[in-house]
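Got a few minutes to poke at a model together? Here are some quick questions and answers on how its pieces fit.

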Amino acid sequence: MKIKTFTLLVLLSFVIAFVSNAQSYRAPQDTAKTKRAPNESLTKDSLSTRLLKADSRLLGCAVKAADMLKDTTKFDNKKGIPLEQLFSDDDLRYIADQGVSGAVALFDLINQNLPKGESIAFKTDSLEKIITPNNPLVLKNLRAMISDKPATITEPQWKENVYQAYVARDYGTQLFNTITITSATREIRESPTLEIKDFDGSPVTLRRILSRNKTEQAAVADFREHTFPNNRISKENANENYRRALFELMGLQENDISRHPESKRLLADLTNDLQRGQESNVLFALKSSHFFDANVPGNLGPVLLTESKVINNSEIAANAQSKAMELMMLVSLHYGERDAVKLFRQLINGNGPVPARQTNEFTPKRLNELTAHGVEKFKSLGFQQNKTQNMTNADLVLVAVSSPAVPVQIKSNGYLAIQAVGQSIINNYSITEETTIIRNTILFNPRISLNSRHTEYRTAYDVIDYVPEIQNGQFFDQRGSRVTQNGVELRLETDLYFSNPEKISKKGVKPVVYPEFGILAGIGTRSVGYDASTTNGVFGPVPQFQSRYQNWGAHLGLNVGPVMLGTDATLLSTPTQSDPLKSFFDLSQSMTYFRYEILTHILYLGFKKDYSFTVDLDLVGESNNEGFGDLTTTQGSDYQIKSAKWNQDYNQIHAGGVYNQQLATYLLDNGYVKASYASSNYAALNLGIQKSNLKLTGTAGLYDIHTRTGNQLADNLIRNTWRGNLFGAIGLTYNFVSKSTTSKHVKKDTYTSTDTKHNIQETDSGEETRTTGPRNHAIITNNK
């Protein structure tokens, strides 16, 4: 069932709604927002300038000419030396062939070889423009740079090269070097003695991981969690575990190749083919593939992921056996051993340029799987599926074992800067100087406030159906369990004005458009389970408990006339609860919490003795970005609804559409799952009384914690908010620069040297003082 979620409404004049469809999880390479044509170039050029590199012949010409110029007795200083005497005919032709840049570089070298303090009649600059292309298909620094150190004692160098290649190559899946479920399952079954580092850094075997999990599926998830950085394991230990797992997988794959006669024969044939160097069918097929060319202008050719430069036939021929193992291993791990044998057999037989669909080696379904997997990097960059049409056998191998290389283009841009030989005399000149001095200018308008804070939201959509709002993947109950927070919040904020400060101070009104920003922190009490309408699930009612909470974050807003559009981005956390049932609902893992605000200044009434009365309408949507689906491009928490971790846990517990209460209980008791929370909103009126730089504000409003569904957008939002929970708050704000003083001083100075007239004019403006500072724009005001 599709869910439509929206949080904000602009009363009076406009409505803002957020709508999204909750869909099943898709890999990041399938969700690229930018859509590209199949042959669209990805290259972006950056331009830089450097000194032109002079060759040895230019240097020789320069030294010879400098030696002749040093001896001033051998030529007339007034007439100079003819070029034919400084340089030979051959040298002159060579210099002319280099163009202006060559001549510039030559004269620069001559100056460098002349005695200190002497130079020829003009200075030269020799520069060249460097056009450096940037293309995401090219690994550059990410390309596997094979270590100069010898291979490890236990592993051959080709395995180290494949490991480096796997670390360097990122297909856009953002899996953080996680081993696949298939690989993890195989290693648990076939390599139970493999030892990795546990979450606490101690050694643990795969057999031990299997024994402490109730199912093999849970053990596989546990094993995979050891191989990528997360809040339970450090990056160093996770990378080391990934390295061990990958080497073990290569060992298992190597044993398979040695056991299977067809794979063994293929590896021998591949080695023999690579030994042929320039005559190698495999290398010819890879170097002749044009798959990268359309998207990488000037492509120099393929670079093996285990190398750092374009394929060199003779160098690979000299290391044919190890290179054959590298290529076979990369393609086997990428597509599978059986398909790797088929692809390399086609290349060895000279069928590399043949479209794979014409070989009858693959069923249409399997070929679609190979092409889709082969071009994951292209898909992550926004290319459509037709990028995979008519892929040849060589193309499929190419994307698995190599990346493209792009040339650096050099565009010469030499020039001569003629040195001035005379001096201009200016007899008449005038200077006009105007100086403006403004004291205590209101450019920033900092303020500090202490407010009570009431927050409500509800727990909903958790993966173990503690609060059962999901059944068979469908959202069917919208009540959830209410969570309330009551505390205090300290905010330090300021406006930023870009308009004329004198005008702001004189009129006492803020600019029409200006930003504001600040920081905030708060503490208070968080209450869970005190909700009579809480639905009882398989684990019973939601436990009732209270705990201390703390939050901190930042505020950013944009004021346009009487309306302020703002957002608060905060991090909310609570202490860890010892009871697993309560721990499920605590925020020990921390939760991002966002507040999206539309504040409208309705009324401003100014009175004598610097008193004023204000009325503001505050419409706020609050969310931890859960339930927003694809509108949230990056979900930072594993517990957010429809995140990758959320989908993984939910699919495990509801495997085959059957609810696994035993697994859910295990995950709950061990703290592996957490509650999820839905968004909420409120509408409130802020009534304020201000005296000079101090303002007291009272707030009364209605909280709506129910997610809207169906097609009644504004109607549901208004009705549910009107039926929401009544709340109130109070706050005190101090404005640091409410009192300001401005003045202006202008000086004009004019001087003419021909008649030695010197005139000075000075003017001063009066001072103006305000004690309340600039006020906000409001819809209704008495302009005082």
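Q: Which residues of helix α8 are buried?
A: This is a predicted model, so read it as such. Helix α8 covers residues 216-225, and eight of its ten residues count as buried. Those buried ones are Ala218, Ala219, Val220, Ala221, Asp222, Phe223, Arg224 and Glu225.

Q: What do the buried residues of α8 pack against?
A: With eight of its ten residues buried, α8 is mostly covered. The covering elements include one strand, β4 (195-197). The full set of packing partners is α6 (181-190), β4 (195-197), α7 (206-211), α9 (235-259) and α20 (644-653).

Q: Where do α10 and α11 stand relative to each other, roughly parallel or roughly perpendicular?
A: Two packed helices are described by the angle and the distance between their axes. The axes of α10 (residues 261-274) and α11 (residues 281-288) come within 7 Å and cross at roughly 75°. An angle from 65 to 115 degrees falls in one class, which makes α10 and α11 roughly perpendicular.

Q: How many residues in the contact of α10 with α11 are nonpolar, polar and charged?
A: On the α10 side you've got Leu270, Asp273 and Leu274, and they meet Asn281, Val282 and Leu283 in α11. Asp counts as charged and Asn as polar, while Leu and Val count as nonpolar. So the contact divides into four nonpolar, one polar and one charged.

Q: Which residue in β18 stands opposite Arg595?
A: Strand β17 (residues 591-606) runs antiparallel to β18, and twelve bridges join them. Their hairpin has four residues between the strands, and Lys609 takes a positive phi near 60° there. Opposite Arg595, in β18, stands Glu622.

Q: What is the bridge partner of Asp616 in β20?
A: Strand β18 (residues 611-623) is mostly covered, with eleven of its 13 residues buried. β18 also pairs with β20 (residues 680-691), running antiparallel with twelve bridges. In β20, the partner of Asp616 is Asn686.

Q: Is Asn735 buried or exposed?
A: Asn735 lies in strand β22 (residues 725-735). Its relative accessible area is 14%, and the cut-off for this class is under 20%. Therefore Asn735 is buried.

Q: What separates the C-alpha atoms of Asn735 and Asn693?
A: Leaving out residues up to four places away in sequence, Asn735 touches Asn445, Pro446, Arg447 and Asn693. Along the chain, Asn735 and Asn693 are 42 residues apart. In space, their C-alpha atoms are separated by 5.0 Å.

Key: Residues numbered from 1 in each chain as written. Predicted model: local features only at pLDDT ≥ 70, side-chain atom pairs only at ≥ 80, totals over all residues. Heavy atoms only, no water. Buried < 20%, exposed > 50% of the residue type's maximum accessible area, 1.4 Å probe, protein only. Helix = DSSP H or I, 4+ residues; strand = E, 2+ residues; numbered from the N terminus. Contact = heavy atoms within 4.5 Å. Axes fitted to C-alpha atoms, helices over the stretch in contact; angles between N-to-C directions. Parallel < 35°, antiparallel > 145°, perpendicular 65-115°, else oblique. Pairing = 2+ DSSP bridges.
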